[in-house]
Amino acid sequence: MKEKESVAILAIESSCDETSAAVVINGRKVLSNVISSQISIHKQFGGVVPEIASRKHIENIDTVVNAALDKAGMGFSDIDAVAVTYGPGLVGALLVGVSYAKALAFGLGLPVIPVNHIRGHIAANYIEYPSLEPPFICLVVSGGHTNIINIRSYNDFEIMGHTLDDAAGEAYDKVARSLDLPYPGGPEIDKLSSNGNSKAVAFPRVMLEEDSFNFSFSGLKSSVLNYLNRCRMTGVTVSKADVAASFQQAVIDVLAEKAIRACKTTGCKRLAACGGVSANSALRNRLKKDCKKNGFELYIPGLVLCTDNAAMIGSAAYYEYLEGNFGNMGLNAVPGLKIDERRY
Ligand code: KG4
Ligand code: ZN
């Protein structure tokens, strides 16, 4: 695709529990990023209820898209393409965004750009750091994914490691629930940990010694549950803050160690992080410290760009636009979409 001087992409994100729309110029400049969160609704059920998420997306999407255009000071005629997350995520939630984007693009006679949600998370770094370009190593830590990826170029990714079971965010949410903390558990554990002793309980650092970049968090989650049960059965009073801090330390030790190891192995001196768990204050501090010690450059998006938002989708979409990777009206939601595949 011929590079235009200024490409304005209207991006839509609806893969989980945020309805979001953004206008992004050339993948880097965010004119608007409107996020309508459903967290307060799902909180009462202790987690995301997929059916409710889909219904709320339907109710919100029109308002959110119009607000994004308004905030950007633009009308539909100023947009060059419509981008949308088509996977991975909840099928019903994704379908709302995909159907809306296809209809809008068709109506306006514009291309529709299907975007992989995880590639969106990675691209959040392009917004935060306008001069960042591949190659770099990226630690992806979200509610559904945990990966170490070698970003060789904008559209060439080598997956160095993945989780064999739970994602880091999933472990945070499950452990939080066992501590009777509200959904989403990650920010709650983050807060609570600052008052706890991270050495109070010796939880395992699973797979740290393994010579691979893979992760496993379900054993750690079980260790926390077993510890809490043992305490209950023996009448020992549990310090929630200590358990939270000790669990968090076990997660962070493995994430940071493997991410740094990936940089050393590849000889790449630039480490990025992304996804909801990269909003974690202790993980951010630890990565800062480790990168400084090793002479690596660290890139982490600001908090709003760590969790789900459409601006990151608009950024990733620009690099698809440049390669002419457009969908057609047969575009469907792909709930299990892998990071390194295109399914349209
Ligand atoms: O990337 P994201 O918004 O959605 C997915 O694509 O999954 O990530 C959501 C996850 C949830 O598991 C949430 O608990 C976690 O990110 N999270 C955090 C923090 N903020 C959000 N985990 C740890 N510390 C945080 N401060
Ligand atoms: Zn996400």
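**Exercise 1. Decide whether Leu192 is buried, partly exposed or exposed, and find what surrounds Leu192.**

Solution. Leu192 counts as partly exposed because its relative accessibility is 22%, where buried means under 20% relative accessible area, exposed over 50%, and partly exposed in between, with a 1.4 Å probe and protein chains only. The model is predicted, so that local features need pLDDT of at least 70 and side-chain atom pairs count only at pLDDT 80 or more, while totals for chains, interfaces and linings use all residues. Residues are numbered from 1 along each chain as its sequence is written, chains are lettered from A and ligands numbered from 1 in the order in which they are written, and side-chain values use heavy atoms, with hydrogens and water left out.

The next step is to place the residue: Leu192 lies in helix α6, helices (H or I, at least four residues) and strands (E, at least two) being DSSP runs numbered from the N terminus. Not counting residues up to four places away in sequence, Leu192 touches Leu181, Lys240, Ala241 and Ala244, where contact means heavy atoms within 4.5 Å. For one of these, Leu181, the C-alpha atoms are separated by 9.8 Å from those of Leu192, and the two residues are 11 apart along the chain.

**Exercise 2. Classify Leu95 and Gln38 by their relative accessibility.**

Solution. Begin with Leu95, which is found in helix α3 (residues 91-108). Leu95 is partly exposed, because its relative accessible area is 34%. Leaving aside residues up to four places away in sequence, Leu95 touches Asn332 and Ala333; the C-alpha atoms of Leu95 and Ser14, which are 81 residues apart along the chain, are separated by 8.2 Å.

Turn then to Gln38, in the loop between β3 (29-37) and α1 (39-43). Gln38 has 1% relative accessibility and therefore counts as buried. Its contacts, leaving aside neighbours within four places in sequence, are Asp17, Glu18, Thr19, Ile52, Ala53, Lys56 and His57.

**Exercise 3. Describe the largest nonpolar core and say which element gives the most to this core.**

Solution. A nonpolar core is a set of buried Ala, Val, Leu, Ile, Met, Phe, Trp, Tyr and Cys residues joined through side-chain atoms within 4.5 Å. The largest one has 48 residues, and those with the most contacts inside it are Leu139, Phe203, Phe247, Leu271 and Leu287. At least two residues of this core come from each of β6 (136-141), α5 (168-178), α7 (218-234), α8 (240-266), β9 (270-274) and α9 (281-294), and α8 gives the most, with 13 residues. Another core lies apart from it and has 36 residues, among them Ile9, Ala124, Ala272 and Ile339.

To look more closely at one member, take Phe247, which touches Ala171, Tyr172, Val175, Ile189, Phe203, Leu220 and Val224, not counting residues up to four places away in sequence. In soluble globular proteins, nonpolar side chains tend to be buried together.

**Exercise 4. Work out how β5 is covered and how β4 joins to β5.**

Solution. In strand β5 (residues 112-116), five of its five residues are buried. In a regular strand the side chains alternate between the two faces of the sheet. On one side of β5 are Val112, Pro114 and Asn116, and on the other Ile113 and Val115, all of them buried. Strand β4 (residues 81-87) runs parallel to β5 and is joined to β5 by five bridges, where two strands pair if DSSP finds at least two bridges between them; within this pairing, Val84 stands opposite Pro114.

**Exercise 5. Count the cavities of 30 Å³ or more and describe the lining of the largest cavity.**

Solution. On a 1 Å grid over the protein atoms alone, a cavity is a set of points where a 1.4 Å probe fits but cannot get out, and lining residues have an atom within 4 Å of a point. The count comes to two cavities of 30 Å³ or more. The largest cavity has a volume of about 80 Å³, a volume being the space filled by probe spheres set on the points, which are joined across faces, edges and corners.

Its lining consists of Arg119, Ile122, Ala123, Tyr126, Tyr154, Asn155, Phe157, Ala316, Tyr319 and Glu320. Helix α4 (117-128) and helix α11 (311-322) each supply at least two of the lining residues, and α4 gives the most, with four.

Key. On a 1 Å grid over the protein atoms alone, a cavity is a set of points where a 1.4 Å probe fits but cannot get out, and a pocket is an open set with protein on both sides within 12 Å along at least five of seven lines; lining residues have an atom within 4 Å of a point.
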